[in-house]
Amino acid sequence: MAGAYDDRDGKIWMDGKLVDWREANVHILTHALHYASSVFEGERCYSGKIFKGHEHSLRLIESARLLDMTSPYTAEEIDRAKEEVLNANGFKDAYVRAVMWRGSGDDMGVSARRNPVRMAVAAWEWGSYYGDAKWQGAKLDIAKWKRPSPETIPTAAKAAGLYMICTMSKHAAEAKGCSDALFMDWEGYVAEATGANIFFVKDGEVHTPLADRFLNGITRQTVIQMLKDNGVAVHERRIKPEELDDFQECWLTGTAAEVTPVGQIGDWHFQVGPVTRKVAEDYEQLVRA
Ligand SMILES: Cc1ncc(COP(=O)(O)O)c(C=O)c1O
């Protein structure tokens, strides 16, 4: 299966039933398309099992709630929808995308209470997010945009509107030959990449930005626990950009990115060192356990 994402064979789950891939469409007057009233999940299925699938279902419902939308489905129903999609398409190793949005209805202004909340789940085979760059260490640009304050937008939600600056920053990064961009937050601290959290190593200890102002990734939480279980000190704290001078290793975490070593951020260089290698290997084993 290949080609444009709207022109493939297979099945997509939409509002409670499986439909043909090419028929999984919405009307042009869908509220989400105009006002970003949409939340989503990215998950990976390894050898037939979605890693932390139920946690992703719960996060989807919570993201919807943060955007004033009530999920029409329970987490268990969402879990089943994802299974149905994987089975219908015969996938064992795949990326799973669940999306919940305000559809079209009686409202077409900003207010949207009368429009139904809808949901779909699609899955596709997706390899390494950063392609061949993964093991050489990804090269990151520094985004000109800043992660917004939680007083500006619900930053804990995995909401479509938060990705507008991610797309623009990633385009700018790619134009410079980088595979991603690192954001600072609105106060100037190191935040995260366009679709992944970030970790640094200094003298064998791990430092990562406190995730109270951007998505606290499920992979991030998994990796922190893994490191702690291995006796590695992890410091979740505010990190200033100038501290990058002193960090020896760096990696990104995310469902799509998994554990991706970082070789360069702007003019800062990092080794793909022993802590990074071990964490990447341990994560690889864990998701397939
Ligand atoms: C902006 C952003 N931050 C962090 C993450 C990592 O989250 P997770 O590990 O739950 O996939 C993602 C990926 O979904 C993301 O899009």
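Helices here are DSSP runs of H or I with at least four residues, numbered from the N terminus. The model is predicted.

**Exercise 1. Check the length of helix 4**

Take residues 164-175 and test the span of helix 4 against the expected value.

Step 1. Helix 4 has 12 residues. The expected span is 1.5 Å times one less than that number.
Step 2. This gives 16 Å.
Step 3. The end C-alpha atoms of helix 4 are 17 Å apart, which agrees.
Step 4. Move past the helix: G177 follows helix 4 with a positive phi, near 85 degrees.

**Exercise 2. Find the two sides of helix 4**

Sort residues of helix 4 into buried and exposed, then explain the pattern.

Step 1. Apply the cut-offs: buried is under 20% relative accessible area, exposed is over 50%.
Step 2. I165, C166, S169, K170 and A173 of helix 4 are buried.
Step 3. These buried residues cover an arc of only 130 degrees around the axis, so they sit on the same side of helix 4.
Step 4. The spacing rule helps: an α-helix has 3.6 residues a turn, so residues three or four places apart point the same way.
Step 5. M164, H171 and A175 are exposed on the other side of helix 4.
Step 6. The cover over the buried residues of helix 4 includes strand 7 (138-147) and strand 8 (180-185).

**Exercise 3. Place the strands around helix 4**

Work out how strand 7 pairs with strand 8 and with strand 14, and give the handedness of the β-α-β unit.

Step 1. Five bridges pair strand 7 with strand 8 in the parallel sense. I142 has L182 in strand 8 as its bridge partner.
Step 2. Strand 7 also joins strand 14 (residues 258-265) through three bridges, and these two run parallel. Here Q264 of strand 14 stands opposite K139.
Step 3. Strand 7, helix 4 and strand 8 form a β-α-β unit, and this unit is right-handed.

**Exercise 4. Classify T155**

Is T155 buried or exposed? Which residues does T155 touch?

Step 1. Locate T155 in the loop between strand 7 and helix 4.
Step 2. T155 has 9% relative accessibility, so it counts as buried.
Step 3. Leave out residues up to four places away in sequence; T155 then touches P148, S149, P150, L162, R213, F214 and L215.

**Exercise 5. Relate the two domains**

State the domain bounds, the distance between the C-alpha centres and the contacts.

Step 1. The domain assignment gives domain 1 (11-124) and domain 2 (133-287).
Step 2. The C-alpha centres of domain 1 and domain 2 are 26 Å apart.
Step 3. In contact are 18 residues of domain 1 and 19 residues of domain 2.

Technical notes. Residues numbered from 1 in each chain as written. Predicted model: local features only at pLDDT ≥ 70, side-chain atom pairs only at ≥ 80, totals over all residues. Heavy atoms only, no water. Buried < 20%, exposed > 50% of the residue type's maximum accessible area, 1.4 Å probe, protein only. Arc of directions from axis to C-beta. Contact = heavy atoms within 4.5 Å. Pairing = 2+ DSSP bridges. Right-handed = clockwise from strand over helix to strand, strands pointing away. Domains from an automatic or database assignment.
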